[in-house]
Amino acid sequence: MAKTCWPYFDPEYENLSTKINPPRVSIDNTSCSDCTLIKVDSMNKPGILLEVVQILADLDLIVTKAYISSDGGWFMDVFHVTDQQGNKITDSKTMEYIEKVLGPNGHRIDRIKMWPGKRVGIHSIGDHTAIELIGKDRPGLLSEISAVLAGLQINVVAAEVWTHNRRIACVLYVNDDITSRAVDDPKKLSVMEDQLQNILRGCETNDDDDENKVARTSFSMGFTHIDRRLHQMLFADKDYESCGLTSDSDHSPPSSKSTVTIDRCEEKGYSAVSVRCKDRPKLLFDIVCTLTDLQYVVFHASISSDGPDALQEYYIRHMDGCTLDSEGEKERVIKCLEAAIRRRVSEGLSLELCAKDRVGLLSEVTRILRENGLSVSRAGVTTVGEQAVNVFYVRDASGNPVDMEMIEALRKEIGHTMMLNVKKSQGPAVANKAQGPEASGWAKTSFFFGNLFERFLA
């Protein structure tokens, strides 16, 4: 038999261009008086803009301005950023992290170990199981989901929950309480899947709007960034199809109002996408993520925030080099961007709770919220060491503004086992009495998450 010979390809060949022209990262605190400039220069590659924006979003940095250019073989970005308090980035650990992950050796760094957060376990396949759920939303659904996991002695280590257009999408990272490792018992996995599926099916209807939207439960390795995965799940669920309809937009909160237009740029052969909406954290990530997953390439972009509003302009082409010429394609992209903007918007109150991590904690907290007439529109669960930090964006189950008397009853029921901080979220959905003397008293039970993360990083 003749011996077949195959050409040899050096596995380092793909990284050759990066080695010849390594990325350069500059953090400048002197050029601007009110913000930090982060400059990134590198060889251009697919998805690089989303990668950079994702890192800034994970650090909870606020992007006030940005200039992006990746036409040709080189990628050049300038970001004007501040922290959550509007200050320059002066923390040495944060600056060191940015330089490492965006620098020449960024692809070799285990980012999960370097920076804690909601992405606990995304690459730790041996320690956590990722559960993805999507279905029709209803009051108390998150409480039922967490009760099933608690009953099976499964601990929720990290989670993110979004609701949009009467649909709910969840990504939960869990482990077995007995082994503190991923749930690998086939029988336990089967029971968990059946019970979760039954809960999701229980709120499905035969309405025409939902006939093609089936509740789903799945287990995954969790390689995809959790926020990007939620966007992908809701997109696959076609939650964007209701965006822009009169019946939906009439009841949408002011913070979700947006204007998206698409024009053709004849001179350069691009499609120009313009987005105007109320500014908020991670808006840039949500839009870039959506364009990337729709298979569009951003060649140039300009981002700016003027007071409470944001203007973002993108010059894009499809991956095959085509522009958006048909009206149907333009309409689809506009609806998808509007949905991406609105998925993370939450009006009303945010409740931040901290307690010692244990099985059933999420179930207990969500049960208390449900029994006090509060509906969860968005939630985030993070575990740092032995501490569980849960953030819930809540509204009255009937859709009315949350009464602070209800929050007072909630605080009494939680007692001294958890630390509670109540904040007014985006928009005017809090009852007027929240502005009275009672509101100032919440500082006594507030928990400062930044201090906790600083101790964890030390």
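Here is a short tour of a sheet and the helices around it, in a model that is predicted.

**Stop one: the sheet.** Start by selecting the 8 strands of the open sheet and colouring them in the order E1-E2-E4-E3-E11-E12-E10-E9. The pairing you'll see is antiparallel. Now pick out the two ends: strand E1 (24–28) and strand E9 (258–265) stand at the edges. Each of them has a single partner strand, so one side of each is left without a neighbour in the sheet. Look along the sheet and you can follow its turn, with neighbouring strands set at 20 degrees to each other on average, direction ignored.

**Stop two: E11 and its partners.** Select residues 296–306 for strand E11 and 309–318 for strand E12. These two pair in the antiparallel sense over 10 bridges. For a landmark, show Ala301 together with Tyr314, its bridge partner in E12. Then go to the hairpin joining E11 and E12, where 2 residues sit between the strands. Click on Gly307 there: this residue takes a positive phi near 65 degrees.

On to E11's pairing with E3, again antiparallel, this time over 5 bridges. Ala66 is a handy residue to label here, with Ile303 as its bridge partner in E11.

**Stop three: helices lying across the strands.** Bring up helix H9, residues 283–293. H9 lies across strand E3 (62–69), strand E4 (74–82), strand E10 (270–278), E11 and E12. Compare its direction with E12, and you'll find H9 running at about 20 degrees to that strand.

Next, select helix H3, residues 92–102, which lies across E1 and strand E2 (36–43). H3 runs at about 160 degrees to E1.

**Stop four: a helix pair.** Leave the sheet and show helix H7 (residues 226–236) with helix H10 (residues 327–343). They pack at an angle of about 130 degrees, and their axes are 11 Å apart. The two helices are therefore oblique to each other. H7 passes H10 in a right-handed crossing.

Which residues of H7 and H10 meet? Turn on side chains for His231, Leu234 and Phe235 in H7, then for Arg332, Cys336, Ala340 and Arg343 in H10, and you have the contact in view. Colour the residues of this contact by type and they divide into 4 nonpolar, 1 polar and 2 charged.

Methods: Residues numbered from 1 in each chain as written. Predicted model: local features only at pLDDT ≥ 70, side-chain atom pairs only at ≥ 80, totals over all residues. Heavy atoms only, no water. Pairing = 2+ DSSP bridges. Helix = DSSP H or I, 4+ residues; strand = E, 2+ residues; numbered from the N terminus. Axes fitted to C-alpha atoms, helices over the stretch in contact; angles between N-to-C directions. Contact = heavy atoms within 4.5 Å. Parallel < 35°, antiparallel > 145°, perpendicular 65-115°, else oblique. Left-handed = near helix turned anticlockwise from the far one by under 90°. Nonpolar A, V, L, I, M, F, W, Y, C, P; charged D, E, K, R; others polar.
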